[in-house]
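Let's take a walk through this structure by following its aromatic rings. Have a look at the model first, and then we'll go pair by pair.

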Amino acid sequence: MKIAFLFSGQYRYIDPKLFRYSLNNLVKGIEYSIFSSCWKETGKSLTISNEIVETKKLPNIENKIHELFEGFNLKDTSFESFMSFKENLPSKYKKILNSSDFHKGTINSLPQIYLINKSYKLLMPFIDEYDLVFRCRYDSLFIHPLKIYDLNKLKSNKYLYNLNFGRSFNPKRVYDIFFGGSLSATYFMATIWDDLPEL
């Protein structure tokens with residue numbers, strides 16, 4: 001059993017020692033690899049804040065990510081400029097981004113979905129080596145090992161497992177904090193960016 005963890009999105013500061021301690025909890029006793037796709041800038045969640053928050057370039061983000069995962073099995077990384085992403089967005093995506101027809105949560109999910117897709121593409125050349133795939137965020141803390149769950153059961157079905165709680169709960173929603181499952185349950189991440197305008 002081998003598991004791929006896809007970290008993606010905007011790096012937000014969390015005490016590196018605490019993060020690494022928690023990541024060690026998550027991967028205890030399993031065979032795994034980490035793939036990381038990160039913006040070169042940081043800011044604040046646009047979904048939970050009405051403030052205009054300045055997006056700031058993070059100096060040495062590549063070094064920060066490599067240090068964060070040092071000693072863990074970091075298999076591949078990619079970094080992109082969020083500002084360039086916004087400027088070069090094809091018109092079918094800009095139409096969504098600039099529309100008043102959609103909820104701000106939908107609009108502000110575009111960059112997230114883009115990097116989820118990018119992290120999955122990092123995994124693609126190695127996909128046959130893995131049994132389970134989980135998407136993670138850089139500002140998460142993990143309080144127990146993944147192996148407390150029946151991983152063989154997760155591998156054998158097409159269910160997508162995710163955190164979806166409290167005010168964020170919706171039976172048809174996948175909350176972005178942490179989700180995953182078998183290869184067949186998570187394959188949608190390979191095409192979600194291309195599929196998005198139609199969805």
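**Following the rings**

Searching the whole structure turns up 23 aromatic pairs. Keep in mind that you're looking at a predicted model. A pair of aromatic rings is described by how far apart the centres are and by the angle between the planes, and we'll use both below.

Start with Tyr120 and Tyr187, an edge-to-face pair with 6.2 Å from centre to centre and 85° between the planes. Tyr120 belongs to helix α6 (residues 110–123), while Tyr187 is in the loop between α8 (183–186) and α9 (192–195), so this pair ties together parts that lie 67 residues apart in sequence. How buried or exposed are the two partners? Tyr120 has 0% relative accessibility, so it counts as buried. Tyr187 has a relative accessible area of 44%, so it is partly exposed.

Next come Phe134 and Phe178, and this pair is stacked: the centres are 5.3 Å apart, with 15° between the planes. Here, too, distant parts of the chain are linked, with Phe134 in strand β6 (residues 132–136) and Phe178 in the loop between β7 (160–162) and β8 (179–182), 44 residues apart. Phe134 counts as buried because its relative accessibility is 3%. Phe178, at 15% relative accessibility, counts as buried as well.

Now zoom out a little. Phe134 and Phe178 belong to a cluster linked by ring pairs, whose members also include Phe5, Phe7, Tyr11 and Phe19. Tyr32, Phe69, Tyr138 and Phe142 are in that cluster too.

One last stop involves a charge: the charged end of Lys75 sits over the ring of Phe126, 4.5 Å from the ring's centre.

Key
Residues numbered from 1 in each chain as written. Predicted model: local features only at pLDDT ≥ 70, side-chain atom pairs only at ≥ 80, totals over all residues. Heavy atoms only, no water. Phe/Tyr/Trp six-rings, centres within 6.5 Å; stacked < 30°, edge-to-face > 60°. Helix = DSSP H or I, 4+ residues; strand = E, 2+ residues; numbered from the N terminus. Buried < 20%, exposed > 50% of the residue type's maximum accessible area, 1.4 Å probe, protein only. Lys NZ or Arg CZ within 6 Å of the ring centre and 35° of its normal.
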